[in-house]
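Hi,

Here is the structure I said I'd pass on. Have a look first, and my notes on the empty space and one helix packing follow below.

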Amino acid sequence: MVLFDETSHVLARAVCDWVGLPLSAPESAVMARDCTAMVDGFATPGPRHLRARRARAHQEKALAAVITGIRAKPGPDSELSALEAVARQRDADGNLLDVHIAAVELLNIIRPTVAIAWFATFAAHALHRWPQHREFLRADPDRAYARAFAHEVRRFYPFAPFVGGLAADDLTWRGQDIAKNSLILLDLYGQNHDSAVWEHPYRFDPHRFSDAGRLPDNLVPQGGGDPARGHRCPGEDITIATLAILATELAHLDYEVPDQDLTIPLSRMPTAPRSGFVLTCP
């Protein structure tokens, strides 16, 4: 099987179950395909961008129909699911959110969760290159090493090379004048491989995070700053927890890796092993 494809399907079905949108196997496959297409078209011109736009439009329309159906029924007496909460969310004026906006917000939960398939595939790549980490993950009852492994996968592998934003005001940073509305790019890959920040940055070593009581500020694979105020992914903790579980499961799984192209092209964004990581299970 192709690990990337299978992982995206599992994540799509899991997160849709969690939000209160149970899908059949064929429906979850469509959701996985559309979500991966959206992420794969990130900051990319041409056919991949067009596929991403079509996939987004398809899922936004489908989720808007689901939300409209929920609003036509009385609210549940028990605790709201994420789907119910989004469908019945009201704005500052007390009005229900526009149905399209509500669909976008729901998709903003589902799509990033499916995107963890990229990191899971990188985790398998790391375990294949450095199999000694399998034993550490297997002997890890509280998943402390698994979380350190997840941090190192996110630091070491180039899911996205940069993130961008616009300067809110005129400012000067380290002697450099930056005009309001200038496009600013944060070099994620460069920061995560800077020898001034990381000892032996091109060595895969989860132990560098073994004593991390909290997420280090200089680790920025999903943006920097405070997620409440800055350009950092608010789902980072979910990514770490999910990736730690998936890496542990991979370490316990008995599989073989046949000959394939496992190169990771740095000219592609987002990137992944070219083969998607094919494995066979007895």
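**What turned up**

The lining of the largest cavity splits into 8 nonpolar, 2 polar and 2 charged residues. One caveat before going on: this is a predicted model.

That cavity holds about 70 Å³ of space, and the count of cavities of 30 Å³ or more comes to 1. Its walls are Phe119, Arg154, Arg155, Tyr157, Pro158, Phe159, Ala160, Leu188, Tyr189, Asn192, His193 and Pro221. H8 and helix H9 (188-192) are the elements that give two or more residues to this lining, and H9 gives the most, with 3 residues.

Now the pockets. About 1100 Å³ of space lies in the largest pocket. It is lined by 37 residues, and the closest to its centre are Arg111, Pro112, Ala115, Phe159 and Cys233. Phe159 also turns up in the lining of the largest cavity. Plenty of elements chip in with two or more residues to the largest pocket: helices H1 (3-19), H2 (25-40), H3 (47-71), H5 (99-114), H6 and H10 (236-252), plus strand S1 (162-166). Which element gives the most to that lining? H5 does, with 5 residues. By class, the lining of the largest pocket has 23 nonpolar, 10 polar and 4 charged residues.

The second largest pocket has a volume of about 290 Å³. You'll find Val163, Gly164, Gly165, Trp173, Ile184, Leu185, Leu186, Gly224, Gly225, Arg229, Gly230 and His231 around it. Strands S1 and S4 (183-187) each supply at least two of these lining residues. The class split here is 5 nonpolar, 6 polar and 1 charged.

Last, the helix packing. The axes of helix H6 (residues 116-129) and helix H8 (residues 144-156) come within 10 Å and cross at roughly 100 degrees. Angles of 65 to 115 degrees count as roughly perpendicular, so H6 is roughly perpendicular to H8. On the H6 side the contact is made by Phe119, Phe122, Ala123, Ala126, Leu127 and Arg129, and on the H8 side by Phe149, Val153, Arg154 and Phe156. By class, that contact has 8 nonpolar, no polar and 2 charged residues. Two names from this contact, Phe119 and Arg154, are also in the lining of the largest cavity.

Cheers

How values were computed: Residues are numbered from 1 along each chain as its sequence is written. This is a predicted model: local features need pLDDT of at least 70, side-chain atom pairs count only at pLDDT 80 or more; totals for chains, interfaces and linings use all residues. Side-chain values use heavy atoms; hydrogens and water are left out. Axes are lines fitted to C-alpha atoms, for helices over the stretch in contact, and angles run from 0 to 180 degrees between N-to-C directions. Helices (H or I, at least four residues) and strands (E, at least two) are DSSP runs, numbered from the N terminus. Angles under 35 degrees count as roughly parallel, over 145 as roughly antiparallel, 65 to 115 as roughly perpendicular and the rest as oblique. Contact means heavy atoms within 4.5 Å. Ala, Val, Leu, Ile, Met, Phe, Trp, Tyr, Cys and Pro count as nonpolar, Asp, Glu, Lys and Arg as charged, and the others, Gly among them, as polar. On a 1 Å grid over the protein atoms alone, a cavity is a set of points where a 1.4 Å probe fits but cannot get out, and a pocket is an open set with protein on both sides within 12 Å along at least five of seven lines; lining residues have an atom within 4 Å of a point. Grid points are joined across faces, edges and corners, and a volume is the space filled by probe spheres set on the points.
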